[in-house]
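Colleague: I'm new to reading structures, and I'd like a close look at one single part of this one. Could you pick a spot, walk me through it slowly, and then show me what else is going on around the chain?

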Amino acid sequence: MQDKQDRGLAGFTATRRQFMGAVGMLALSASLMAQTSVARAEPKQGGSVKFAINDGTQTDSYDPATWQNSYTQVIFGGTLCNALTELDVEGAAAPDLAESFAPSDDLKVWTYTLRPGLKFHDGTPVTPNDVIQSYRHHMGPSSSSAVKALVDSIVDIKADGDRKVVFTLSGGNADFPYLTADVHLVILPAKPEGGVAWEKGVATGPYMIDDNQPGISVRMKRNPAYHKPGQPYFDAIEFVNIIDVAARTNALLTGEIDYMVDVDIKTLKMLEQNPDIEITRVSGLRHFSFSMNTKTAPFDNPDVRQALKHAIDRNDVINKAFLGNAKVANDDPAAPQIAFAVNPEPIHEYDVAKAKAYLAKAGLTTLSVDLSVAETAFPNAIDAALLFKEHAAKAGIDINVIREPDDGYWDNVWQHKPFVGVDWLGKPTLDSLFTTTYATGAPWNDTAWSNGRFDELLVKARAESDKTKRQAMYGEMQQILHDDGGALVIAYALFMDALSKKITHGKIGNMLQCDNFRMAERWWLA
C-alpha cells in the first residue's frame with residue numbers, strides 16, 4: 001500500500017526531494033522538542049504487572065476460532081499471538097507479521113510478504129504454509145469459527161516462494177488488510193498432516209505461556225525473540241479473571257492488581273481522586289444493545305421491534321445508568337468514527353405515543369416480554385434494563401427483567417434467549433462488522449435477522465473502490481438496520497479503565513479494548 005502511494009509521486013522526484021528535505025528539518029525540530037518534553041516517558045524494559053479482565057470462562061481455549069470474549073481476545077489474540085496485520089493506535093491496518101501487502105488492480109488478489117527471520121515461541125521458523133493452514137482453520141463448510149463469514153470470500157491461498165502468500169478472493173475487497181488484522185486470524189504452527197497446532201499455546205506473540213488456568217488466570221513471560229525491536233517491555237505479566245467490578249476495584253486499591261477493565265462509574269470519582277491511579281477514557285467502537293431474536297415471537301414482528309425502540313429513553317439510561325459516560329445511539333451499531341458511518345433518520349427517540357401506535361399496528365394493546373441481563377452483559381446492564389422497564393410501562397409494555405448469573409452468561413444466555421443485553425467491542429470497518437454480526441447466517445448474528453437487500457449491498461460495497469458509491473451503499477445498509485433490525489442499540493460507550501501509575505503508556509488505540517488488544521506489548525513500567 002505504501003509502495004503504491006510512492007509510485008504515485010514518481011513524476012515529481014526533484015520537487016518531492018526538496019519537499020521531503022523541508023519536512024525533515026521541521027520533523028527534526030519537532031523531534032528535539034518532543035524528546036525534551038517526553039524524556040521521562042521513554043519506554044524501558046523490566047518488571048512485572050498484573051492485569052484484571054472480567055469475562056473469562058472455564059471453556060476458554062487457545063483455539064482462535066472460539067474467541068468471543070475480551071479475555072481470550074486480549075490475552076491469546078493480542079498478547080500470545082500476531083496476525084499478518086494489526087490495528088495501530090490511529091486505527092489503521094498496519095504490517096505485523098507481514099512486512100508489506102499489495103492488491104491487484106481489481107482488489108481480488110492480495111500478496112503479503114512475511115518479515116524475514118520470523119520464529120514461533122519454540123524456535124521453529126514461520127513459513128507461508130503456517131499462514132495458509134492458519135486461515136484454512138477458519139474456512140470450509142464444517143467450520144464453526146467466529147470469523148468463518150469473513151474468510152468465506154477467500155477462494156484460494158498459495159505460497160509464492162519462501163516469504164510470500166497470495167490470497168485470491170471471490171470478489172474485490174478494499175478493506176482486506178483490516179480483515180487480516182482480525183484478532184481471530186492469528187498465525188499458528190501448521191501440523192504436518194494439515195491444520196494448526198493450536199492446542200500447544202505456541203505462537204509468535206510478545207509473550208509466551210508460563211501457566212494457564214482457563215477462566216481463572218494466565219501467567220506469561222517475555223518472548224526474547226520477538227520481531228519488534230525493543231518490545232515487549234515487561235519481563236512477565238499475569239492476567240486474572242475478576243468478573244465482579246467491586247472485587248476488581250478493591251484489588252486495584254490494595255495493589256493486588258495493576259490494571260482493571262471497566263471501572264465502576266459509581267466509584268469513578270473516588271478513583272479519580274486517588275493520586276496513585278490513572279483513569280483512561282477511550283472512545284472506541286464499543287456499543288451496548290438489547291438484542292431481539294427476530295425469529296422468535298413477538299420479536300418476529302417488525303412493528304413490535306419498532307415499538308420497543310421507541311419505548312426506551314436513551315438519554316435517561318445514559319444519565320442514570322452510565323452517569324453520562326456514553327453517547328446516545330440510534331439503533332445503528334456503526335460508531336461515528338468508522339468510515340462511512342451515518343446517523344439514520346428518523347432519530348429513534350423516546351415517544352410513548354409512537355410506541356403505542358406501533359403496538360396497535362401489530363394488533364396489540366399491551367405487550368409482555370422477558371429481558372435477560374447480567375452485570376457481565378455490559379457495565380450497569382441491570383440498571384439500564386430496570387430503567388427501560390420503567391420507560392416501557394408507560395406505553396403498555398411490561399418488561400420482565402431477568403437477572404442472569406454472570407458466570408456462563410456468554411455460553412448459556414447470549415444467543416440462547418430471545419431478548420438479551422450485549423456488550424459489543426465493535427469492528428474497525430463496516431464490512432467486518434456487518435459480515436460477522438448482521439449478514440444472513442453470520443456467526444454472531446444474535447438477532448437471527450436476515451434481509452436480502454442488506455446482503456446484496458454488503459457484497460457490492462466490499463468490492464467497490466469508489467468512496468462515494470461505497471458511502472451510498474453503506475448508508476442504505478445502516479438505514480435498513482435502523483428501520484428493521486433486531487438490535488436495540490442504546491449507547492456508544494467509552495472504554496473506561498483504571499491502572500496504577502506504576503504503569504505508563506503512549507497514545508492508546510481508539511478502536512478496540514485494551515489499546516486495540518495490545519496493551520501488554522505496548523505499555524511499560526514508569
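Modeller: Sure, let's start with Arg286, which sits in the loop between strand 12 (277-282) and strand 13 (287-292). Keep in mind as we go that this is a predicted model. Arg286 has a relative accessible area of just 1%, and since anything under 20% is called buried, Arg286 counts as buried.

So what does the side chain of Arg286 meet in there? One polar contact, of 2.7 Å, joins it to the side chain of Asp262. Another, of 2.5 Å, joins it to the side chain of Asp423. If you skip the neighbours within four places in sequence, the residues in contact with Arg286 include those two aspartates, Pro379, Trp424, Leu425, Tyr492, Phe495 and Gln513.

Pick out Trp424 from that list, and you can follow the trail to a ring pair. The ring centres of Trp414 and Trp424 are 6.1 Å apart and the planes stand at 75°; planes over 60 degrees apart count as edge-to-face, so that's what this pair is. Trp414 is in the loop between helix 13 (409-412) and strand 17 (419-424), while Trp424 belongs to strand 17 itself, ten residues away. Both tryptophans are buried.

While we're on rings: the whole structure has 28 aromatic pairs. Tyr62 and Phe76 make another edge-to-face one, with 5.0 Å from centre to centre and 70° between the planes. Tyr62 lies in the loop between strand 1 (48-53) and helix 3 (70-80), and Phe76 lies in helix 3, so this pair ties together parts that are 14 residues apart in sequence. Tyr62 is buried at 15% relative accessible area, and Phe76 is buried too, at 2%. Ring pairs can also chain up: Phe288, Phe290, Phe299, Phe322, Phe378, Phe388 and Phe419 are linked into a cluster that way.

Now for charged partners. A search of the whole structure turns up 31 salt bridges. Take Asp96 and Lys228, whose closest N and O atoms are 3.8 Å apart. This pair links distant parts of the chain: Asp96 is in the loop between strand 3 (93-95) and strand 4, Lys228 is in the loop between strand 9 (217-222) and strand 10 (236-241), and 132 residues separate them. Is Asp96 buried or exposed? At 0% relative accessibility, Asp96 is buried. Lys228 is buried as well, with 11%.

Arg470 and Asp175 form another salt bridge, where the closest N and O atoms are 2.9 Å apart. Here the partners are 295 residues apart, with Arg470 in helix 16 (residues 467-484) and Asp175 in the loop between strand 7 and helix 6 (176-179). Both Arg470 and Asp175 are buried.

Then look at Glu272 and Arg281, whose side chains meet in a salt bridge at 2.6 Å, N to O. Glu272 is partly exposed, with a relative accessible area of 39%, and Arg281 is partly exposed at 41%. Salt bridges can share partners, too: Glu86, Asp96, Lys228, Asp515, Arg518, Glu521 and Arg522 are joined into one network like that.

Strand 4 came up a moment ago, so let's see where it belongs. Four strands form an open, antiparallel sheet in the order 4-5-7-6. Strand 4 (98-103) and strand 6 (154-160) are at the edges with a single partner strand each, so one side of each has no neighbour in the sheet. From one strand to the next, the twist averages 20°. Strand 6 pairs with strand 7 (residues 164-169) in the antiparallel sense, over six bridges. Zoom in on that pairing and you'll find Asp156 with Thr168 of strand 7 as its bridge partner. Helix 4 (residues 128-136) packs on this sheet and touches strand 5 (109-114), strand 6 and strand 7; its direction makes about 165° with that of strand 6.

One last stop: Leu433, in helix 14 (residues 430-437). Leu433 has a relative accessible area of 4%, so it's buried. Apart from neighbours within four places in sequence, Leu433 is in contact with Pro333, Ala334, Lys427 and Tyr438. And how far is it between the C-alpha atoms of Leu433 and Ala94? They are separated by 19 Å, with their positions 339 residues apart along the chain.

Definitions and conventions:
Residues numbered from 1 in each chain as written. Predicted model: local features only at pLDDT ≥ 70, side-chain atom pairs only at ≥ 80, totals over all residues. Heavy atoms only, no water. Helix = DSSP H or I, 4+ residues; strand = E, 2+ residues; numbered from the N terminus. Buried < 20%, exposed > 50% of the residue type's maximum accessible area, 1.4 Å probe, protein only. Contact = heavy atoms within 4.5 Å. Pairing = 2+ DSSP bridges. Axes fitted to C-alpha atoms, helices over the stretch in contact; angles between N-to-C directions. Salt bridge = Lys/Arg side-chain N within 4 Å of Asp/Glu carboxyl O. Phe/Tyr/Trp six-rings, centres within 6.5 Å; stacked < 30°, edge-to-face > 60°. Polar contact = N/O pair within 3.5 Å; in protein donor to acceptor, adjacent residues only side chain to side chain.
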